[in-house]
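Me: I should like to learn how to read the features of a structural model in order. May we take them one at a time, beginning with the cysteines?

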Amino acid sequence: MDKRSLYDGLSSLETDLQGTLSQLSEIKEALHELVEKNTTLEIENQRLREHLQELTKLSNDSNDPAKQELSKSRMNLEKLYEEGFHVCNILYGSRRENDEECAFCLDVIYGERNK
């Protein structure tokens, strides 16, 4: 291999590498823009979810005044009941057949208590 072809080969390689570096810089910039846009959208999405939860909570509170008056423990019992479990002292913890309502459970959750 003579000096001239070696020099031409190195010049060609240098030109190719500069082109590749230019493409890499463009890709890096595009990736940076995408990451920035993704982060912005994630923040906006989280804010919208929080706002939706607030609206849902306000809607539920205004639609069902009985739920507003439930204590934390009764709300926990209500959640268990809605998941399909008995909360009455007769069948506590067993699964409700076909999610049928249980008068005893409903009395435990929503019944009036003397203080």
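Reply: A disulfide is counted here when two cysteine sulfur atoms lie within 2.5 Å. Please keep in mind throughout that this is a predicted model.

Me: How far is the sulfur of C88 from the closest cysteine sulfur?

Reply: In general, a disulfide is a covalent bond between the sulfur atoms of two cysteines. For C88, the closest cysteine sulfur belongs to C105 and is 3.7 Å away, which is too far for a bond. The sulfur of C105 has its closest cysteine sulfur in C102, at 3.6 Å, and that is again too far for a bond.

Me: How many disulfides does the structure hold?

Reply: The number of disulfides in the structure is zero.

Me: Are C88 and C105 buried or exposed?

Reply: A residue counts as buried when its relative accessible area is under 20%. C88 has 1% relative accessibility and is therefore buried. C105 is buried as well, with a relative accessible area of 0%.

Me: Which residues form the largest nonpolar core?

Reply: That core has six residues, namely Y81, V87, C88, C102, C105 and I109. If neighbours within four places in sequence are set aside, C105 is in contact with Y81, H86, V87 and C88.

Me: H86 appears among those contacts of C105. Where is H86 found?

Reply: H86 is located in the loop between α3 and α4, the latter spanning 103-110. With 9% relative accessibility, H86 counts as buried. Residues up to four places away in sequence not being counted, H86 touches L91, Y92, G93, S94, R95, R96, C102 and C105. One of these, R96, is 10 residues from H86 along the chain, and their C-alpha atoms are separated by 6.0 Å.

Me: How should one read the sides of a helix? Which residues of helix α3 are buried?

Reply: The general idea is that an α-helix has 3.6 residues a turn, so residues three or four places apart point the same way. In helix α3, residues 72-82, the buried residues are R74, E78 and Y81. They cover an arc of only 60° around the axis, which puts them on the same side of α3. K72 and K79 are exposed on the other side of α3.

Me: What follows α3?

Reply: G84 follows α3, and its phi is positive, near 105°.

Me: How many helices and strands does the protein have?

Reply: The protein has four helices and zero strands, and from the N terminus on its elements run α-α-α-α. The radius of gyration of the protein is 33 Å, well over the 13 Å that the globule rule gives for 115 residues, so the protein is more spread out than a compact globule.

Me: What box do the C-alpha atoms fill?

Reply: Taken along the principal axes, the box is roughly 105 × 30 × 25 Å. Of the 115 residues of the protein, 11% count as buried. The accessible surface comes to about 10300 Å², and 54% of that surface belongs to carbon and sulfur atoms.

Me: What share of the contacts with a separation of 6 or more comes from residues 24 or more positions apart?

Reply: Such residues account for 26% of those contacts in the protein.

Me: How far apart in space are E44 and L77, C-alpha to C-alpha?

Reply: E44 and L77 are 35 Å apart in space, with their positions 33 residues apart in sequence. E44 has its place in helix α1, residues 3-63, and is partly exposed, with a relative accessible area of 43%.

Me: Where is T39 placed, and how exposed is it?

Reply: T39 also lies in helix α1, and at 36% relative accessibility it counts as partly exposed. From C-alpha to C-alpha, T39 and E97 are 46 Å apart in space, and they are 58 residues apart in sequence.

Conventions:
Residues numbered from 1 in each chain as written. Predicted model: local features only at pLDDT ≥ 70, side-chain atom pairs only at ≥ 80, totals over all residues. Heavy atoms only, no water. Core = buried A, V, L, I, M, F, W, Y, C linked by side-chain atoms within 4.5 Å. Buried < 20%, exposed > 50% of the residue type's maximum accessible area, 1.4 Å probe, protein only. Contact = heavy atoms within 4.5 Å. Helix = DSSP H or I, 4+ residues; strand = E, 2+ residues; numbered from the N terminus. Rg over C-alpha atoms; globule rule 2.2 N^0.38 Å. Areas by Shrake-Rupley, 256 points an atom, 1.4 Å probe, with all protein chains shown as cover. Arc of directions from axis to C-beta.
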